Amino acid sequence: VILSRRLAGADGSFAGVVAATLNGDYLQQFFDTLRIGEQGIIAFSTDDGTILVRRPYREDYIGRNFGTSSLFRERLVAAASGVFSMHYRDDGRWRIVGYQRVETLPLVVQVALSRDTALAHWRSTLLVQAGAGAALLLALSLMALRLNRELSARLLAHEQLSATVSELERARLVAETSSRVKSQFMAHMSHELRTPLNAIIGFSEMIRDALMGPVSARYRDYANDIHSSGSHLLRLINEVLDLSKVEAGRLELHEETVDLAKLVEECRR
């Protein structure tokens, strides 16, 4: 995937173009880690409907333009993000689609979940709550027949139970929201932190190796320290991201030999 941006001089005149390439396999592998169900679809495209990356991967979809679909023809024009229901002709399934335009870039991300996957949690919660409500109603009815004189106390207990259920439900929603926000934060921050770190590591390596001209030995030592610290920070970021893999049950353990002398020297620096 090729990205480019025009450069302008101080007077606004044309000064060149910066171009870069983004490996589609990287995004493809990232999309494969997301839990969207067997029938789920993730598409990363330009804002005119050209598919750049898609999960599940289909060769005939990459580079294909879907600008005539309702998403790009109507909904994206009306709002930068949204959710709607859509019928997919290739497999005949109805899916719930959420889309988001990327800020400052001509890109759009869309995620389509099958109705069964999208509503599975809601249905299971509804069944559990309905079952709990039915059991509670039956218990209250039996108690009313046998303990009519204790009606006031029973009603008070019922109110307390209802309050407890509401508190538990609110706590569950807060926990789910916190987990989702944390995952989104880690995904965004990993990109934002890695980008400047790559520049720090790359330029310090150029100074350390004197690629652009002679550098004093002291400055080369400083550059080596910067390079080592940047690499260490990048490893820490990767280890933090491993936490999300632990939650998803996808973390793999890799044992290796550690150079203790080098480790102590890094700690001393």
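This is a short tour of one helix, the nonpolar cores and a pocket in a predicted model.

Start by selecting helix H2, residues 70–78. Colour Leu71, Phe72 and Leu76, which are the buried residues of H2. Now look down the helix axis: these buried residues fall within an arc of 75°, so they line one face of H2. An α-helix has 3.6 residues a turn, so residues three or four places apart point the same way. Turn to the other side of H2 to find Val77 and Ala78, which are exposed.

What do the buried residues of H2 pack against? Show S3, S5, S6 and S7, and the packing partners are in view.

Next, keep Leu71, Phe72 and Leu76 selected and add Ile41, Phe84, Tyr88, Val97, Tyr99, Val108 and Ala112; together they form the largest nonpolar core, with 10 residues. Two or more of its residues come from each of H2, S5, strand S6 (93–101) and S7. H2 gives the largest share, three residues. A second, separate core has eight residues, among them Phe31, Ile42, Phe44 and Val53.

Select Val108 alone. Beyond its neighbours within four places in sequence, its contacts include Phe72 and Leu76, as well as Ala43, Phe44 and Gln100.

Finish at the second largest pocket, whose volume is about 550 Å³. Of the 22 residues lining this pocket, select Tyr61, Phe66, Ser69, Met86 and Tyr88, which lie nearest its centre. The elements that each supply at least two lining residues include strand S3 (41–46), strand S4 (51–55) and helix H2. Coloured by type, the lining shows 13 nonpolar, five polar and four charged residues.

Conventions: Residues numbered from 1 in each chain as written. Predicted model: local features only at pLDDT ≥ 70, side-chain atom pairs only at ≥ 80, totals over all residues. Heavy atoms only, no water. 1 Å grid on protein atoms, 1.4 Å probe; cavity = no way out; pocket = protein on both sides within 12 Å on 5 of 7 lines; lining within 4 Å. Points joined across faces, edges and corners; volume = space filled by probe spheres on them. Helix = DSSP H or I, 4+ residues; strand = E, 2+ residues; numbered from the N terminus. Nonpolar A, V, L, I, M, F, W, Y, C, P; charged D, E, K, R; others polar. Core = buried A, V, L, I, M, F, W, Y, C linked by side-chain atoms within 4.5 Å. Buried < 20%, exposed > 50% of the residue type's maximum accessible area, 1.4 Å probe, protein only. Contact = heavy atoms within 4.5 Å. Arc of directions from axis to C-beta.
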